[in-house]
Structure formats: C-alpha cells, structure tokens
Amino acid sequence: SNSPYINMVLYHVASKLDVQWNVDAKVQDKVKISKITLTKLSGGGKLFKPLENTAPPSESTAYSETFTLDEGNQWYGRKATYVIPVKQSDGTYQFPMTLTNSVDNSVKTATATPPATTNTVFVPWIYGTVKVTKWP
C-alpha cells in the first residue's frame, strides 16, 4: 500500500516506413527502376523526448538507405525499413528519395510526404505509394 513506484511513459522512436512503387504500363519500355535511395534520414535521436528530435543539420550527418531492385520488382514492389521520423516545421514528415532508371541511368528525385498529423507524439507506421506515370 505504501510501496514506492515509478510512473513512466515509454515511447517508440523508430517507425516502420513502408514504400510501395508502381511504374505505369505505358512507360515500362522507358522506365526500369533499379534503385530507390531514401536520403536525409535521421541517424539518431532522443529516445525519451521524441518531440525534440530534429532533422539532420547537414548532409554529412544524414543517413541514407538504398533498396537495390532486380527484374522481378523493377516495375512494382514493396520494401520496408525502420526510420526515426522527425516533424518538419509545417507538421509533416518528409522522406526525400531518389529513383534510378536502369534504361538510361537517369535519376529522379521525389519526396514522400504522408498527411500532416496533429497532436501525434509517435507515428508507428508510415505507408507511401510511389507512382511513376512519366519520366523526364
């Protein structure tokens, strides 16, 4: 009854980022995705103060993760990884990425931005779809 206790709130800092891509059939003769690279990811953060985590201050402190694709998933597929999400000043989570086209070795940049959330401490699962309907 008079036992001491500790009241704790535990947070998960890492979120599962689930990326799915689909190259439109109309451009599959011109586009074969060979690599998807997530760029400017946070390589660390505060475990017990996740709202204080900020984006990496520079390219040299940022982390990137690359998914190498083959003939079986060059037009459509799905990959998942764990990331430390950090809110931008506008309340969104942003995940910049590059897509490499093996047909002409060109690279296209994109940014996945899930819907903005309010009053959210932790986003446990982030799902994004990349649709390629044309290639410059």
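How many bridges join strand E2 (residues 33-42) to E3? The two strands run antiparallel and are joined by 6 bridges, where strands are DSSP runs of E with at least two residues, helices are runs of H or I with at least four, and both are numbered from the N terminus. Two strands count as paired if DSSP finds at least two bridges between them. The model is a predicted one, in which local features need pLDDT of at least 70 and side-chain atom pairs count only at pLDDT 80 or more, while totals for chains, interfaces and linings use all residues. Residues are numbered from 1 along each chain as its sequence is written, and side-chain values use heavy atoms, with hydrogens and water left out.

The protein chain as a whole contains 7 strands and 0 helices, and read along the sequence it follows the pattern β-β-β-β-β-β-β. Of its 136 residues, 33% count as buried, a word that here means under 20% relative accessible area, with exposed meaning over 50% and partly exposed the range in between (1.4 Å probe, protein chains only). Among the contacts in the protein chain with a separation of 6 or more, 75% are made by residues 24 or more positions apart, a contact being heavy atoms within 4.5 Å.

The pair E2 and E3 belongs to an open sheet of 4 strands, which are arranged in the order E3-E2-E5-E6 with antiparallel pairing. Strand E3 (62-68) and strand E6 (106-112) stand at the edges and have a single partner strand each, so one side of each is left without a neighbour in the sheet. Neighbouring strands of this sheet are turned by 20° against each other on average, direction ignored; the axes behind this angle are lines fitted to C-alpha atoms, for helices over the stretch in contact, and angles run from 0 to 180 degrees between N-to-C directions.

At the E2 and E3 pairing, Ser42 stands opposite Ala62 in E3. Ala62 is partly exposed, with a relative accessible area of 24%, and its C-alpha lies 5.5 Å from that of Leu41, although the two residues are 21 apart in sequence. Within strand E2, Thr37 counts as buried because its relative accessibility is 12%. The side chain of Thr37 makes a polar contact of 3.1 Å with the side chain of Thr66, where a polar contact is a pair of N or O atoms within 3.5 Å; within protein, one must be able to donate a hydrogen and the other to accept it, and residues adjacent in sequence count only if both atoms are side-chain atoms. When neighbours within four places in sequence are left aside, Thr37 is in contact with Ser64, Glu65, Thr66, Pro96, Met97 and Thr98.

On the other side of the order, strand E5 (residues 95-101) is joined to E6 by 7 bridges, and these strands run antiparallel, with Thr98 standing opposite Thr109 in E6. E5 and E6 form a hairpin with 4 residues between them. Most residues other than glycine have a negative phi. In the turn of this hairpin, however, Asn105 has a positive phi of about 60°, and Asn105 counts as exposed at 62% relative accessibility. Lys40, found in strand E2, also has a positive phi, of about 55°, although it is not a glycine; Lys40 is partly exposed, with a relative accessible area of 48%.

The loop between E3 and strand E4 (76-83) holds Trp75, and Gln74 has its place in the loop between E3 and E4 as well. Gln74 counts as buried because its relative accessibility is 11%, whereas Trp75 is partly exposed at 24%. Not counting residues up to four places away in sequence, Gln74 touches Trp21, Val23, Lys32 and Ile33, and Trp75 is in contact with residues including Trp21, Asn22, Val23 and Gln28. A polar atom of the Trp75 side chain lies 2.8 Å from the backbone oxygen of Val31. Trp75 and Val132 are 57 residues apart in sequence, yet they are 9.0 Å apart in space, C-alpha to C-alpha.

Another tryptophan, Trp135, has Lys108 lying over its face, at 5.7 Å from the ring centre; a charge sits over a ring if NZ of Lys or CZ of Arg is within 6 Å of the ring centre and within 35 degrees of the ring normal.
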